[in-house]
Amino acid sequence: MCKFATSLKGRFSAVLAIFIALSVSAVLSAEAAQFKVAWDAVSNSDVIGYKVYHGTQSRNYSEVDDAQMNLSYTITQTSDSEPHYIAVTSYSASGESSYSTELTCYTIQAAAPSNGEIQPAGSTVLQQGGSLTYSIVPASGYTISSVVVDGTPVGQVSSYTFSSVEACHTISATFVRQTSNYTIAASALGNGTISPSGTVTVASGGSQAFSITPASGAEIADVTVDGTSVGTPSTYSFNSVNANHTIQATFAASITTYTIAASALSGGSISPSGTTTVNSGSSQTYAITPDANYSIADVTVDGSSVGAVSSYTFSGIAANHTIQASFAANKAQYQYTITASAQTGGSISPSGTTTVTSGSSQSYTITASRNYRISDVTVDGVSVGAVSSYTFSNITANHAIQAAFVSSSTYLITASAQTGGSISPAGTTTVSRYSSQSYTVTASANYTIANVLVDGVSVGAVSSYTFSRVRADHTISATFALRSYTITAAAMSGGSITPSGSVQADAGSDKTFTVKAAPGYSVSAVMVDGASAGAVSSYTFSNISGNHTIQANFVSANPNPVVDAGPDQAVSGGTTAVINGSNSTSPTVITSYVWTQIDGPAVQLSNSRSAICTFQTPSVSSGTALTFRLDVANQAGKTASDTCIVNVTGTDQPPVARVAQEQTVEPYAAVNLDATASTDPDDGIESYQWAQTSGQTVTIVNDDTDHASFPAPYLTDTGTALTFELTVTDYSGLKATDRYLVNVSDSASPPTANAGTDRSSDALESTSLDGSGSSNPVGGLLAYRWRQVSGTPVTIADPTAPSTTISASYSIDTTQPLVFMLTVTNESGLCASDRCTVTIQGGQGADLTGSWTSVSYSRSRLTGTFLLQNTGTRDAGNSRVSFYLSNDGASITSGISSMWVPPIGAGSAVRLYPRFSLRNASGKYIIAILDSTTRVDELSESNNRVVIQVP
């Protein structure tokens, strides 16, 4: 809303100023655009109302409306192609003020034919100088052909912005079916994301942009496109796409760095000097050295003195720093002292304190007494070895030298270890003559012992070593090597994996494998340590700490899709039902979903060409069954179909179809199909129907009874699996189905399916489905397929993985448990199935409800106030309320308009002010559908329909 001040000079002094505001998003009706003007109240008690003047000519208004004491008014525009001018006056008992400053607004008309849409659609009103962006979105399988603005094409743009509007405009779009698509596989390694991710489909000649975003504390390390590095960009676009591509982003931990500027004045040096870059939290030591005949005068750190120190260390660095050393010239002959001492067992000469002149030298002789030998000499506390002499040269500081001796009947063993492990005891150990000393060598994690040297000679990669009957000094040192693991890589027929075979990898390292399908094939799954990692083109083992296996599986690039229309359901009449085909899969991209109702009273599907759609169930007395068929086509032009049943319940409940346990038989055996375990809770089962759904075709005898049979077929391979579907119908017309599996084999054994234990989960909580306990007695790989067989439809993350997840929305019916069936197939073509049950518990979420607080109808104009409330426990995002005209209050006759609604906080409400132009509407009904775009996932979707009769 935008406001501007307007001084009004009226016929009475009480009217001082007034404001007009125009809503940028207009309310649309069936005839013309509607928009609201609003103003601030005049601070004068004499004012008894306001009038709104408007028309298509400036200051020559054709319409005037009395707003009474309301501070807003909704105007119905008489023309969408001409400017609209508005002014407001206030009035009292004594007269009316002059016009406010005039407000000019324009209309933009948006139109799109089938196969796509323009948002916002219809007529939208903008204030003069305003701006509005339109989004052009093609339907699935279509692309933008042309966008035309005011009769002039502007190209195949997906958005268009009208800026600083000064006239009325039109915008329209046309769409054409895509001729070919390509895929871009996007993936991220490390702590960051790439968006969009996974496999992205792009029309031939189209473009696709990707955003690369590191997580907090990370940075982009590399971006590769089709295996070639393109640097570290944060965005990357594929333009004029005419082939498949890959893009992978790699992230690494980011390190904050700081600088330390070191300088030295004349008379000495500082090391390191200049600017040094250091990592956050690290340390940096500086050595300050005066020149000959100079001494350190002062050292300043960040401008503050730390004294005449010869070294300084910055620790835990978290900021930039400076350090500077200054020096002073020594007096002509500066004197230094050297303190020399000897421990028991020998002497040092000269001993005691010796005074020397700066720049001079001083030598010392170390002599062991009888039955002793020199063990060590330290200079200023640092060992220089068991030397017999030592010379201080160019003396510029005080020093100390000390000699240590040991009995000639003892010896020293010096032990050391390189990176990757330790030796114990470490350092120098004194041992008596003819005694023993043992050492233990221990490798660190991810390392192994590489070699142990005793007196410079290898004794092998031993973990311990003992010096026995010691009669001399010794050394022992240990070296270590990173542990190596084996990754066994193999590719099945139809492609390759690189590298392949037994691949060695250092512990803690990463190893990437590239999977490539041969012409005419595609990747079906990459199995890592027996679990599917999906149909990926590469896989990286990170921070390797053990042996692994990786196997690439491939399928022909053009097989049929596997269609899953979702489970059979039981829902109440007059509610919103969902049918879900999102669990359908295909080795190539699925290009279309088409839902068709094939049985039962006709209903209107919300979007029959999407994987998931909804419909309003009819009101029934006893009950009725609706049957829907889902047809799916993939990029290779292959098609397949599946059906599901939605039982609309009333006084009657649907039956339960049950088939006896699956079985394995030999060729030519007589197989019985037993449905006698099927039940109905009220009026009984009227009919049975058996149908074969897959496998070598057989002839079913008595396929319309509860006891059917067939002869097992002759085998053309080691085994085959036949699947059958039983449909039972009760006397109210409600239906139920169950699936049955028969393996035919004369030698091979079928696998064992294990769908895991039953469990419970909260709504919106990710719940696992674990089939990893399935097994194959003859060895080899298993193919997995998950399918939901009852309950509110949900989406399975990967229906072909051994273990996967599902996430239930707020709107799920928690009274009906979700049942999932896992089918596993071995290389002999034999199958097994198992089921598990997931019980969904209630959770927190948004819940939109609505009510009419007022409604009036006069001279073909309906005016009302609609209260939209969020009675849930979480905020609701953007949504839309759509209004429809109905002759009977149940079925929709025609659409009226829609209103966008901003986010509503939990427990909050907003008021809407619908204004419709409706002819001959008295006595009919207005149906308001809340969240008509199904953007908000609600605790209950059953209260989103509000009906009121027009007075």
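Okay, let's start with what a strand is: a run of at least two residues that DSSP labels E, and the strands are numbered from the N terminus. With that, I can tell you where P499 is: in the loop between β51 and β52, and β52 covers residues 501-506. One thing to keep in mind throughout is that this is a predicted model.

So why start at P499? The peptide bond joining T498 and P499 is cis, with omega at about -5°. There's another cis bond from Q119 to P120, with omega near 0°. P120 is in a loop too, the one between β11 (116-119) and β12 (122-127).

Let's stay around β51 for a moment. Strand β51, residues 495-498, is joined to β53, residues 511-517, by four bridges, and the two run antiparallel. If you want one pair to look for, S496 stands opposite K516 in β53. Then β53 also pairs with β56, residues 538-541, again antiparallel and over four bridges. There, F513 has Y539 of β56 as its bridge partner.

Next, a sheet. In what order do its strands come? It's an open sheet of four strands, β58-β63-β62-β60, with mixed pairing. At the edges sit β58 (569-572) and β60 (590-599), each of which pairs on one side only. Going from one strand to the next, the twist averages 30°. Zoom in on β62 (residues 623-634) and β63 (residues 639-649): they run antiparallel and eleven bridges join them. One of the pairs there is F628 with C644, which is in β63.

That brings us to cysteines. How many disulfides does a search of the whole structure find? Zero. Take C613: the nearest cysteine sulfur belongs to C644 and is 8.8 Å away, so with a disulfide needing sulfur atoms within 2.5 Å, C613 is in none. Likewise C644 is in no disulfide, and its nearest cysteine sulfur is that of C613, at 8.8 Å. Are these two buried or exposed? C613 has 1% relative accessibility, so it counts as buried. C644 is buried as well, at 1% relative accessible area.

Speaking of buried things, let's go to the nonpolar cores. As a general point, nonpolar side chains in soluble globular proteins tend to be buried together. Here the largest nonpolar core has 26 residues, and F866, V881, F883, L918 and I926 are the ones with the most contacts inside it. Six strands each supply at least two residues of this core: β76 (848-858), β77 (861-870), β78 (879-886), β79 (894-901), β82 (925-929) and β83 (945-949). I926 is a good residue to click on; leaving out residues up to four places away in sequence, I926 touches, among others, W852, L862, F883, L918 and V946. Apart from this core there's another one, of 23 residues, including V671, I685, F710 and V742.

Now, two buried residues that have polar side chains to follow. N743 is in strand β69, residues 735-745. N743 counts as buried because its relative accessibility is 3%, and the cut-off for buried is under 20%. What does its side chain reach? The backbone oxygen of C831, at 2.6 Å. Beyond its sequence neighbours, N743 touches residues including Q663, T720, P750 and L830.

The other is Q248, in strand β25, residues 245-253. At 18% relative accessible area, Q248 is buried too. The side chain of Q248 makes a polar contact with the side chain of S187, at 3.3 Å. Further along the chain, its contacts also include L189, D222 and S538.

Last stop, a few loop residues. D226 isn't a glycine, yet its phi is positive, near 55°. D226 is in the loop between β22 (218-225) and β23 (228-229), and it's partly exposed at 40%. N702 isn't a glycine either and has a positive phi of about 60°. You'll find N702 between β66 (685-694) and β67 (707-711), and it's partly exposed at 44%.

And S310? S310 is in the loop between β31 (304-305) and β32 (311-314), partly exposed at 47%. Aside from close sequence neighbours, S310 is in contact with Y286, A287, I288 and I296. Its C-alpha is 58 Å from that of S500, which is 190 residues apart along the chain. Okay, that's me done!

Conventions. Residues are numbered from 1 along each chain as its sequence is written. This is a predicted model: local features need pLDDT of at least 70, side-chain atom pairs count only at pLDDT 80 or more; totals for chains, interfaces and linings use all residues. Side-chain values use heavy atoms; hydrogens and water are left out. Buried means under 20% relative accessible area, exposed over 50%, partly exposed in between (1.4 Å probe, protein chains only). A polar contact is a pair of N or O atoms within 3.5 Å; within protein, one must be able to donate a hydrogen and the other to accept it, and residues adjacent in sequence count only if both atoms are side-chain atoms. Contact means heavy atoms within 4.5 Å. A nonpolar core is a set of buried Ala, Val, Leu, Ile, Met, Phe, Trp, Tyr and Cys residues joined through side-chain atoms within 4.5 Å. Two strands pair if DSSP finds at least two bridges between them. Axes are lines fitted to C-alpha atoms, for helices over the stretch in contact, and angles run from 0 to 180 degrees between N-to-C directions.
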